[in-house]
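Hi there,

Here is the structure I promised to pass on. Please open it next to this email, and I will walk you through what turned up.

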Amino acid sequence: MNIEPLIAHSEAPRVDALTGLASRVGLEEHLADLSAAHPPGQPLSLLALELSRFGHVNDSMGAELGNRIIALVARRLTKLFAHAAIVARTHGNHFCLLFKDTVDLHEQIALVQDFTQRPIALSGEVIVLSVRVGAAELGDMVETPSGLLHAAEVALHRAKREGIKRQFFQSDQTSEARLAQQLENDLRVSLFTHHAELHRAITNREFQVLYQPIVDTQTHQVHAVEALIRWHHPRRGLIPPMDFIPMAEQIQVMDVLGSWVLRRACLDAMTLPCDATGVRPGLSVNVSPIQFAEPGVLLSTVKQALSDSGLEPALLKLEITESLSLSATKFGVLDELRALGCQIAMDDFGTGYSSLTQLNVVPLDYVKLDQSFISHIGGPDPVEDQRSDRMTRLVLSLAKALDLTSIVEGIETEVQRDRLRQHGARLMQGYLFARPLPLEDVHEFITRFNQPAQGEEHV
Amino acid sequence: MSDLRSLAYISKNTIRGTEEDVREALRAIIATAEHNNPRLGVTGALLYSGGYFCQVIEGPQEALEALFESIQMDRRHGDVTVLHFEPIAERDFREWAMALAGVEASMRFDIEGLRQSKDELVMKEAGHHLVSVLEELVQQRQAVLQHVRT
């Protein structure tokens, strides 16, 4: 591959500076070019490689030696494959080989494994690496060259999950299961790729934090904003949190994602405009039950996010779900979080399994009423309307009896807003006021919504 | 020389062919080494036995690392196991760019066993043992050659 013309454009490097190989961007562009003009029937296959013990090497021997090892592996791959393939370094310890002719992939994989796993003598040390390979070929399952990189990475991550050294991209599942599987793999790939340099996820805008205002309908000020994560899949578009959060939990990346959201949101919250009395809107952040599995990590993540951002602890609400099984250790973390000055809100209040006895002992400040309670209020069915109304009043008075402040979610109509106000609810959230908004838009919303302190009450 | 080191490894022969093909390959390996090693300041010895190469190379660290890397990229062998890579006070094969210690000499230690071993101490010990075996073999051959000459 002639890399000279690639170097000329330097805004997004097409060449990896350390190894001189094509970068991920370079490879992606090359694949896109091939997609635009690829003769049908022409073979194309791609191997995605990961040096799997590399993190350990980097940690124990230092990044400088790590870089020398990467450069050496690049030279080995170039020597072996440059005549037959495009060799790219796609990320950190990840390389790719793109073959444009018919090759026996099994043979090529064996070659890769043989030579990258041969000992390396550098800086007086002997290092033996281990490599994992994901393979994909153009064909029934991967129809365009651009899809190859993704397919090979999916195969690589499946190999990793299965604890094996090599895996071919395959579809041995029904289309629905396959989609779910792919989504999970995509998430794994996205997060994995970004694990070491999460800032890439932000620059790529693949993960974005949106903010939905929670308004005080009595003072007509924005009380707080709830941070909600969105995943903009490069090809599938917007994936709702309910689809990918359980996956993130399952594949044990929720802690990474959770800490990133918390930190991002705290930094963003510091930029929000204060109301006329000089009070900044609060910030509400969801904490996954998974994050409670490591209470120490959660606690230090919160502390770090607060100190990095300078956000006043009292402005931070951590939303837990009722499904969090409330064991004594978890109470302990909640107590410690409150001792920091943070507030605890229980999400989806009334939909879970908490007993009243439990509710009375959990250290809480807020409860959020699930929108299922109010969805029929003001609806076409008067019986449902009445039932919803009664339930809502019951839950609101329960919260009040427990000395908790209620936030009602899912307010979509003025009727709902007015009825809830009659029942004594002040804090509300829903599409009637605003949907989840990007940071810039939430700024604008707050400025527009907040009434001067001395102003008439008007909702 | 303060950064003088010794590296010992064993590897599996992947040359397919007759015994003569293997001997031919060995002659080529020695010829290349005799050509390149003096320039690099590298000395050493090579033994071929029972389908395995056993080699000791010694010299300045950087030259040794570069040479070892080029040896690694040789397709004539595989399954390389490094026995030791350590500083030495003096060379064991100072007169040899690459001495051929033998082609058929029966090994006095268990190569397969070594390859399975994960114990660093066992490997090191085997490496030192290999060096002394090679040294002995080289001296024997030298004695035989001198005897023939005189």
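Let's begin in chain A, where helix 4 lies across strand 1 (45-51), strand 2 and strand 3, running at about 160 degrees to strand 2 of chain A. Before going further, please keep in mind that this is a predicted model.

The strands under that helix belong to an open sheet of five strands in chain A, with the order 2-3-1-6-7 and mixed pairing. Strand 2 (85-91) and strand 7 (166-168) of chain A are at the edges; each has a single partner strand, so one side of each is left without a neighbour in the sheet. On average, neighbouring strands here are turned by 20 degrees against each other, direction ignored. If you want to look at one pairing in detail, try strand 2 of chain A with strand 3 (residues 94-99) of chain A: six bridges hold to the antiparallel sense. Within that part of the model, A:Val87 has A:Leu97 of strand 3 as its bridge partner.

Helix 6 (residues 145-162) of chain A also lies across this group of strands, namely strand 1, strand 3, strand 6 (131-137) and strand 7 of chain A. Its direction is at about 140 degrees to strand 6 of chain A.

Back to helix 4 of chain A (residues 63-81), which also packs with helix 5 (residues 105-116) of chain A. The angle between these two is about 140 degrees, and their axes are 10 Å apart. That makes helix 4 of chain A oblique to helix 5 of chain A. Helix 4 of chain A passes helix 5 of chain A in a right-handed crossing. On the helix 4 side, the contact is made by A:Val73, A:Arg76 and A:Leu80, and on the helix 5 side by A:Leu111, A:Phe115 and A:Thr116. Sorted by class, the residues of this contact are four nonpolar, one polar and one charged.

There is another helix pair in chain A to look at. Helix 10 (residues 254-269) and helix 11 (residues 295-309) of chain A pack at an angle of about 25 degrees, with axes 8 Å apart. That makes helix 10 of chain A roughly parallel to helix 11 of chain A, and their crossing is right-handed. Helix 10 of chain A brings A:Asp255, A:Ser259, A:Leu262, A:Arg263, A:Cys266 and A:Leu267 to the contact. From helix 11 of chain A come A:Val297, A:Thr301, A:Val302, A:Ala305, A:Leu306, A:Asp308 and A:Ser309. Here the contact residues divide into seven nonpolar, three polar and three charged.

For chain A as a whole, there are 17 helices and 16 strands. Of its 459 residues, 41% are buried. Among contacts in chain A between residues at least 6 apart in sequence, 64% join residues at least 24 apart.

Now for chain B, which has four helices and five strands. Reading from the N terminus, its elements follow the order β-α-β-β-α-β-β-α-α. Buried residues account for 34% of the 150 residues in chain B. Of the contacts in chain B with a separation of 6 or more, 79% are between residues 24 or more positions apart.

The five strands of chain B form an open sheet in the order 4-1-3-2-5, with mixed pairing. Strand 4 and strand 5 (99-102) of chain B stand at its edges, each with a single partner strand, so one side of each is left without a neighbour in the sheet. Neighbouring strands of this sheet are turned by 15 degrees against each other on average, direction ignored. Strand 2 (residues 43-49) and strand 3 (residues 52-60) of chain B run antiparallel and are joined by seven bridges. There, B:Ser49 stands opposite B:Tyr52 in strand 3 of chain B. Helix 2 of chain B packs on the sheet and touches strand 1 (4-13), strand 3 and strand 4 of chain B, its direction making about 155 degrees with that of strand 3 of chain B.

Finally, where do the two chains meet? In this model, 12 residues of chain B are in contact with 10 residues of chain A. On the chain B side, the elements giving two or more residues are helix 2 (61-72) and strand 4 (77-87). Helix 2 of chain B gives the most, with six residues. By class, this side of chain B has seven nonpolar, three polar and two charged residues.

Happy browsing, and best wishes!

Conventions:
Residues are numbered from 1 along each chain as its sequence is written. Chains are lettered from A and ligands numbered from 1 in the order in which they are written. This is a predicted model: local features need pLDDT of at least 70, side-chain atom pairs count only at pLDDT 80 or more; totals for chains, interfaces and linings use all residues. Two residues are in contact if their C-beta atoms, placed from the backbone, lie within 7 Å. Ala, Val, Leu, Ile, Met, Phe, Trp, Tyr, Cys and Pro count as nonpolar, Asp, Glu, Lys and Arg as charged, and the others, Gly among them, as polar. Axes are lines fitted to C-alpha atoms, for helices over the stretch in contact, and angles run from 0 to 180 degrees between N-to-C directions. Angles under 35 degrees count as roughly parallel, over 145 as roughly antiparallel, 65 to 115 as roughly perpendicular and the rest as oblique. A crossing is left-handed if the near helix is turned anticlockwise from the far one by less than a right angle, and right-handed if clockwise. Two strands pair if DSSP finds at least two bridges between them. A residue is buried if 20 or more other C-beta atoms lie within 10 Å of its own, exposed if 12 or fewer, and partly exposed in between; C-beta atoms are placed from the backbone.
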